[in-house]
Every structure is written in C-alpha cells, then in structure tokens.
Amino acid sequence: MRNHAHLFLACIVMLFLLLVPFLFPSEFSTHLSILILIWAILCLSLNIIFGYAGQLSIAHGALFGAGAYIHSVLVMNTGMNFWMALLLTSCLVAFLSILVGMPSLRLRGPFFVIITLGFSVIFVSVIKNLGEITGGVVGLMGIPLLSELNIMGMSLESKTSVYYFVLACMILIALITYRIKHSSFGKGLIALSEDEDLCKSVGMNTMLFKTKAFVLSSVIASFAGILYASYLGVITPNDASYHQSFDALVYLTVGGVGTLFGSIIGPALMLLISEALQGYGEFRPFINGIALILLIIFLPKGIAGVVSRFIKVI
C-alpha cells in the first residue's frame with residue numbers, strides 16, 4: 001500500500017497545481033506561482049546532475065542565463081519565432097555544456113565545484129562586456145513576452161493562460177526526469193554517485209554518463225532561463241550569476257535532493273518565505289544560508305525526507 005501512496009500524493013499535488021489560479025485568483029498570486037514553476041524547472045535540472053549523478057554544479061545560474069540571453073538575442077535580432085529560437089538555443093547550450101563538462105567532469109569533489117563556479121564568473125563578465133549584444137550591465141529589455149505566443153490557435157494573453165503553459169512545461173520536464181531516474185541510464189548515474197571507482201571497475205564509462213547528465217541538465221536549465229526572460233520581458237547579468245545557482249541549490253536541498261517532489265516544494269516554500277520577508281530583501285542570501293545550515297543539521301533529506309516517513313515520494 002505504501003509503495004503506491006506516492007501516486008496518490010502525485011495526484012493531489014497535480015490537482016492542487018491545476019486549481020491554483022482558482023484558489024488564489026489575484027494577479028500577483030498567479031505571477032508568483034509562475035515564478036515558482038520556473039524555479040522548479042531549474043531545480044529539476046540541477047537534480048539530474050546533483051541529485052542523481054552526485055556532481056555539485058555551480059554553473060546552472062550561468063546556464064540559466066545563457067538560455068535566456070541567447071534565446072532573447074535570437075528572437076529580438078534575427079526575427080526568429082519562439083520555437084525556432086528555442087531549438088537553436090538548446091543546441092548551442094548543449095555544445096557549451098560539452099565544452100565546460102568535458103574537462104571539468106574529469107575532476108572530483110571540490111575541483112568540479114570550483115571549475116563550474118569559475119565558468120559562472122567568466123560568463124557574467126562576458127555578457128557585461130558584450131554591451132552591444134547583451135545590453136551590458138543593464139541587461140536586455142523589451143524581450144517578446146510569452147503572452148504574445150499563439151499555440152495551436154490559442155492565445156496566452158492572460159496571466160492564467162501563461163500559468164498553465166508554464167505548468168505544462170514543468171510537468172513535461174518532471175516526467176522526463178522521472179523517466180531518467182527509473183531508466184538504466186538513471187540507475188547508472190545513481191550507482192556512479194555512490195561509488196565511481198566501483199562503476200569503473202565493472203567497465204562502466206563513467207565520463208560518458210556524467211557528460212550526458214550534464215548536457216541534459218544544462219539544456220533544461222537553459223529552458224528555465226528562456227521561460228523566465230520571455231515571461232518578464234527582461235534579463236540582467238544578475239539573473240545569470242552564481243547566486244542563481246546557490247539559490248537553486250538551497251531550494252533543492254530544502255525540498256529534498258534526488259526527488260521530484262523536493263524540486264517543486266522547495267522553490268515554492270522558499271519563494272513564499274522570501275515574499276513574506278520582502279521588506280528584508282537584502283538579507284535574502286543570509287536567510288537562504290541559515291535555512292541551508294538548519295536543514296543540513298536537522299533535516300538532511302529535506303521536506304521530502306520527512307514526508308517519505310509516511311508516504312513514499314518520487
């Protein structure tokens with residue numbers, strides 16, 4: 001019975017997400033819900049490389065920004081539509097992640113973390129210095145909005161329709177990551193995170209596994225960035241900094257590393273707390289840091305770890 005309880009929990013979460021615009025009908029609540037879903041997609045991407053493969057990446061803020069900037073520049077300067085720009089951006093980010101991942105994934109522990117942190121710092125420096133293309137320190141403004149999209153004849157003019165579009169994207173990414181986790185590839189990643197040397201000894205190509213995971217994770221992170229920029233209509237260098245990576249790491253840790261449930265509940269809880277404390281915005285990094293320390297001490301498996309004592313979570 002307990003083994004099937006997670007399906008019931010998933011249905012409850014799904015039903016709640018579908019009813020959010022009706023339960024909280026204000027425009028601001030819908031706006032906040034959209035941001036939570038976008039952050040959930042970023043956390044799902046980080047979960048692949050960190051939660052499954054055990055490789056802590058601080059590059060995801062930069063990859064989030066890379067998706068946002070590349071897609072926005074393509075749409076604004078070349079006249080490409082949203083979908084064509086999405087496809088090309090995904091290919092470019094995949095290539096970029098291979099360039100970063102091939103040398104850095106050969107390293108272990110803190111060395112990989114340092115390399116990905118260095119990449120984030122370099123990326124922000126580059127976009128600040130490409131002012132004619134990226135808008136420099138000010139960023140890009142006037143990015144075509146999601147609300148201007150037309151999908152199969154349906155307009156996304158209202159915030160509610162944008163919410164359901166982003167929700168559909170999040171559900172699709174969640175299903176992809178669920179299938180990855182329960183595939184032979186995902187089981188290989190989990191085995192690799194537990195004992196890489198043992199995996200090598202039985203003939204597993206660990207470098208190939210880690211590179212595939214990093215590339216897939218990077219493309220999903222860039223997709224979150226595309227949704228973010230296209231929803232707000234603006235992107236700045238701060239949105240591509242390593243602070244984004246640390247926030248995603250905190251949200252995922254609060255929710256529960258290695259679980260889909262944690263990737264969604266973590267951003268929801270932390271963003272709601274941040275909104276409740278919006279008058280203390282300058283202390284947000286401090287609050288996130290304290291939350292991370294307390295979670296590691298008292299709830300090392302996050303909220304998902306607590307829930308899993310009663311119901312199996314996915």
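Good morning. I shall begin with a single residue, Leu269, which is partly exposed, its relative accessible area being 35%. That value falls between the limits of 20% for buried and 50% for exposed, and therefore the residue belongs to neither class. The model under discussion is a predicted one.

Leu269 sits in helix α12, which spans residues 260–276. When neighbours within four places in sequence are set aside, Leu269 is in contact with Val254 and Ile303. Met154 lies elsewhere: 115 residues separate Leu269 and Met154 along the chain, and their C-alpha atoms are 32 Å apart.

Let me now set this residue against the chain as a whole. The chain contains 14 helices and four strands. Along the principal axes, its C-alpha atoms fill a box of roughly 50 × 45 × 40 Å. For 314 residues, a compact globule would be expected to show a radius of gyration near 20 Å, and the chain agrees with this because its own value is 19 Å.

The contact pattern is next. Taking contacts between residues at least 6 apart in sequence, 78% of them join residues at least 24 apart.

As to burial, 49% of the 314 residues count as buried. The chain exposes about 15,100 Å², and 71% of that area is supplied by carbon and sulfur atoms. Regarding charge, there are 15 positive and 12 negative charges, and the mean positions of the two groups are 15 Å apart.

I turn to the interior. In soluble globular proteins, nonpolar side chains tend to be buried together. Here, the largest nonpolar core has 80 residues, and those with the most contacts inside it include Ile38, Leu146, Phe165 and Met170. Which helix gives the most to this core? Helix α2, residues 27–52, does so, with 16 residues.

Ile38 illustrates the packing. Residues up to four places away in sequence not being counted, Ile38 touches Phe64, Val166, Ala224, Leu227, Tyr228 and Tyr231. Two of these partners, Val166 and Leu227, are also listed among the core residues with the most contacts.

Finally, consider Thr30, which is found in helix α2. Is Thr30 buried or exposed? Its relative accessibility is 4%, so Thr30 counts as buried. With residues up to four places away in sequence again left out, Thr30 touches Phe24, Lys159, Thr160 and Tyr163.

To close, I return to the two residues that framed this talk: Leu269 in helix α12 is partly exposed, whereas Thr30 in helix α2 is buried. Thank you for your attention.

Notes: Residues are numbered from 1 along each chain as its sequence is written. This is a predicted model: local features need pLDDT of at least 70, side-chain atom pairs count only at pLDDT 80 or more; totals for chains, interfaces and linings use all residues. Side-chain values use heavy atoms; hydrogens and water are left out. The radius of gyration is taken over C-alpha atoms; the globule rule is 2.2 Å times the number of residues to the power 0.38. Buried means under 20% relative accessible area, exposed over 50%, partly exposed in between (1.4 Å probe, protein chains only). Contact means heavy atoms within 4.5 Å. Accessible areas come from the Shrake-Rupley method with a 1.4 Å probe; for residues, only the protein chains shown count as cover. Lys and Arg count as positive and Asp and Glu as negative; His and the chain ends are not counted. The place of a charge is taken as NZ of Lys, CZ of Arg, CG of Asp or CD of Glu. A nonpolar core is a set of buried Ala, Val, Leu, Ile, Met, Phe, Trp, Tyr and Cys residues joined through side-chain atoms within 4.5 Å.
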